[in-house]
Amino acid sequence: MKQFTSVKDVSHLPALVKEALELKRHPYNYKYLGENKVLGLIFMNPSLRTRLSTQRAGMNLGMNVIVMDINKDGWKLETREGVIMDGDAAEHVKDAVGVMGQYCDIIGVRTFPTFENRAEDYAENVINQFIKYAGVPIISLESSTLHPLQSFADLLTITEYKKTIKPKVVLTWAPHPKSLPQAVPNSFAEWMSTAEDVDLVITHPEGYELDEKFTWNARIEYNQNKAFEGAEFIYAKNWSSYHQYGQILSKDRSWTVSADKMKLTNDAYFMHCLPVRRNVVVNDDVIDSPNSLIIKQAANRLWSAQTILKKMLEG
Ligand code: AN0
Ligand code: CP
């Protein structure tokens, strides 16, 4: 595996899921695979889970890990092509990435959208420059439009907890005070659709339609209560508008996932990728209930990352 930026980089998803669950049972079976190899993790944005789980995943495979918070510790990077660099940025991303590739055998990068221009964000300009100039395999630690390590961990969690062969999984929009990326819901939709054994329903207020490139296989239901009926998993996430790009169109608290809404489901599990705003996105009594999978989901981030690193180390 040379890059991992989307489910499209996976050749056979059921086999990958199997491999991850096998690694989870035997975490140290490949503890020498990454000997004398260096994993570089480059963060352009904050992170807790991705940073710690991917670092630990590298360690379980015997890798050495370098982590860099580029905004804090590095030179300010220019990402646009062909500009006269007489402004703030001291270094071009293509030069920085070419250098990183000299020190690292695998590079992970987190690069959120800027929300300035939808076409540019959706062209994935930054991660594509990593792929082009690093000369080593690249892992997305959440790019402008996708978060594949998260979705892979979510699929592992659903595989472990599902009670029926093809469970109804509901991705629900929920309110949030800030403008958040569409990366998590885009990616979730893409992975659930590729997995095939998931009945995916997406519910959100009007105006929050995602890019159909990712939601082609999902049913869209604007009535949240109706969407929740019979659900086996409720996956909550806020995102900002794709069509009125980056805007907050609603802060309607009636969309907050509450215990009353969970009663409409088939005793559904609650999922969220974290970090979560309690009592805005989801009420305490839901997220603290026995049906909440948030910690199991976060735990599976280790196995999604370790599986992808293993695939890359194997060549
Ligand atoms: C980010 C997002 O919504 O994409 C990261 C989620 C893993 N969340 C926030 O910025 C709160
Ligand atoms: N879920 C997730 O990616 O969390 P972090 O932003 O803390 O890495």
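## Reading a predicted model: two serines, two domains and their pockets

Modeller: Let's start with S187, which touches L146, H147, P148 and S151, leaving aside residues up to four places away in sequence. Please keep in mind that this is a predicted model.

Biologist: Thanks! In which helix does S187 lie?

Modeller: Look for α8, which runs over residues 183-195; S187 lies in that helix.

Biologist: How should I read its accessibility: is S187 buried or exposed?

Modeller: The idea is to compare a relative accessibility with a cut-off, and buried means under 20%. S187 has 1% relative accessibility, so it counts as buried.

Biologist: Which backbone oxygen lies 3.3 Å from a polar atom of the side chain of S187?

Modeller: For a polar contact, the pair of N or O atoms must be within 3.5 Å. Here the partner is the backbone oxygen of H147, and H147 is also among the residues that S187 touches.

Biologist: And what about residues far off along the chain? How many residues apart are S187 and V7?

Modeller: They are 180 residues apart along the chain, yet 8.0 Å separates their C-alpha atoms.

Biologist: Let's try another serine. Where is the place of S292?

Modeller: You will find S292 in a loop, with α12 (284-287) on one side and α13 (294-313) on the other. The accessibility reading works as before: S292 is at 14%, so it counts as buried.

Biologist: Which residues does S292 touch?

Modeller: Not counting residues up to four places away in sequence, S292 touches F270, V286 and I287. I287 also brings a polar partner, as its backbone oxygen lies 2.8 Å from a polar atom of the S292 side chain.

Biologist: Now let me step back. Into which domains is the protein divided?

Modeller: Domain 1 takes in 3-146 + 301-314, and domain 2 takes in 150-298. In the contact between them, 29 residues come from domain 1 and 30 residues from domain 2. The centres of the two domains, taken over C-alpha atoms, are 25 Å apart.

Biologist: Why does the second largest pocket lie between the domains?

Modeller: To place a pocket, look at which parts of the chain supply its lining. Domain 1 and domain 2 both give residues to this lining, so the pocket lies between them. Its volume is about 460 Å³. The lining has 24 residues, and R110, F112, E142, L274 and P275 lie nearest the centre. By class, there are 10 nonpolar, 7 polar and 7 charged residues in that lining.

Biologist: How many residues line the largest pocket?

Modeller: The lining has 28 residues, with K76, L77, T79, T114 and V126 nearest the centre. This pocket holds about 740 Å³ of space. At least two lining residues come from each of α3 (70-73), β4 (77-78), α5 (118-122) and α6 (125-133). Sorted by class, the lining has 10 nonpolar, 9 polar and 9 charged residues.

Biologist: How many cavities of 30 Å³ or more does the structure hold?

Modeller: A pocket is open, whereas a probe inside a cavity cannot get out. The structure holds 1 cavity of 30 Å³ or more, and the largest cavity has about 40 Å³ of space.

Biologist: Which residues line the largest cavity?

Modeller: Among them are W173, H176, Y208, N238 and W239. The lining as a whole divides into 5 nonpolar, 5 polar and 1 charged residue. For a closing exercise, find K178, S179 and L180 in the structure, since they belong to this lining too.

Definitions and conventions:
Residues numbered from 1 in each chain as written. Chains lettered and ligands numbered in written order. Predicted model: local features only at pLDDT ≥ 70, side-chain atom pairs only at ≥ 80, totals over all residues. Heavy atoms only, no water. Helix = DSSP H or I, 4+ residues; strand = E, 2+ residues; numbered from the N terminus. Buried < 20%, exposed > 50% of the residue type's maximum accessible area, 1.4 Å probe, protein only. Polar contact = N/O pair within 3.5 Å; in protein donor to acceptor, adjacent residues only side chain to side chain. Contact = heavy atoms within 4.5 Å. 1 Å grid on protein atoms, 1.4 Å probe; cavity = no way out; pocket = protein on both sides within 12 Å on 5 of 7 lines; lining within 4 Å. Points joined across faces, edges and corners; volume = space filled by probe spheres on them. Nonpolar A, V, L, I, M, F, W, Y, C, P; charged D, E, K, R; others polar. Domains from an automatic or database assignment.
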